Amino acid sequence: MISQLSVVILVDVEAALNARSLNGNVYCVDTSGGSTFTTEVLDNQIVNWLVTGIDWESQTYFAYISDIKGKAVDEHVLFPTLYDSPSFVGRGNWWGGMVVTQEPSIYEYTMVIGLGEDAFLDLTLYLDVHKGFVMEEPVTPTPVTAS
């Protein structure tokens with residue numbers, strides 16, 4: 001089991017700003033092998049997020065995570081944390097979060113993406129949580145009685 005996953009979200013910032021929408025202007029890839037907006041995780045795994053513009057050197061068109069919120073956070077399944085170390089492009093910060101749940105399920109959360117200086121758009125993402133390795137008591141066999 002890999003204890004941490006990374007999710008990279010690439011944003012076509014210029015197109016998203018022109019459309020006032022992230023729909024069709026965002027590409028998501030994660031280290032669990034996914035390339036959709038659903039990340040498969042095991043219970044107690046850490047997820048790390050990085051959002052960047054496709055033209056990451058642009059001084060005008062840049063993207064960053066402003067907040068992570070939504071149902072998975074409200075239900076205490078996802079505990080996101082903003083870290084003070086900046087992303088590799090020097091804008092925005094690195095985010096990470098622990099996934100903790102007793103019930104395998106698909107959980108929705110919202111990432112608020114900042115675009116440029118003052119535009120913010122919501123991106124709906126999902127965690128497909130599978131039960132992780134848990135040490136359990138051995139099962140005691142039921143005695144067989146002769147009839």
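Student: How many aromatic pairs does this structure have?
Tutor: This is a predicted model, where local features need pLDDT of at least 70, side-chain atom pairs count only at pLDDT 80 or more, and totals for chains, interfaces and linings use all residues. Side-chain values use heavy atoms, leaving out hydrogens and water, and residues are numbered from 1 along each chain as its sequence is written. Rings of Phe, Tyr and Trp (its six-membered ring) pair if their centres lie within 6.5 Å. By this rule, the number of aromatic pairs is 3.

Student: Are the rings of Phe62 and Tyr64 stacked or edge-to-face?
Tutor: Planes under 30 degrees apart count as stacked, over 60 as edge-to-face and the rest as tilted. For Phe62 and Tyr64 the ring centres are 6.2 Å apart and the planes are at 25°, so the pair is stacked.

Student: Which residue joins Phe62 and Tyr64 in a cluster of ring pairs?
Tutor: Phe62 and Tyr64 are both buried (under 20% relative accessible area; exposed is over 50%, partly exposed in between, with a 1.4 Å probe and protein chains only). Ring pairs link these two into a cluster with Phe120.

Student: What is the strand order of the open sheet of 4 strands?
Tutor: Strands here are DSSP E runs of at least two residues, numbered from the N terminus, and two of them pair if DSSP finds at least two bridges between them. The pairing in this sheet is mixed: S8 (residues 105–115) and S9 (residues 119–130) run antiparallel with 11 bridges, whereas S3 and S9 run parallel with 5 bridges. The edge strands, each pairing on one side only, are S3 (38–42) and S5 (63–69). The full order is S3-S9-S8-S5.

Student: In S9, which residue is the bridge partner of Met111?
Tutor: S9 offers bridge partners on two sides, to S8 and to S3. On the S3 side, Leu42 stands opposite His130. For Met111, the partner in S9 is Leu123.

Student: Which residues form the covered face of S3?
Tutor: The uncovered face of S3 holds Thr38, Glu40 and Leu42. The covered face consists of Thr39 and Val41.

Student: What share of the protein chain is buried?
Tutor: The chain has 2 helices and 9 strands, arranged along the sequence as β-α-β-β-β-β-α-β-β-β-β. Leu10, in strand S1 (residues 4–11), is partly exposed at a relative accessible area of 31%. Across the 147 residues of the chain, the buried share is 39%.
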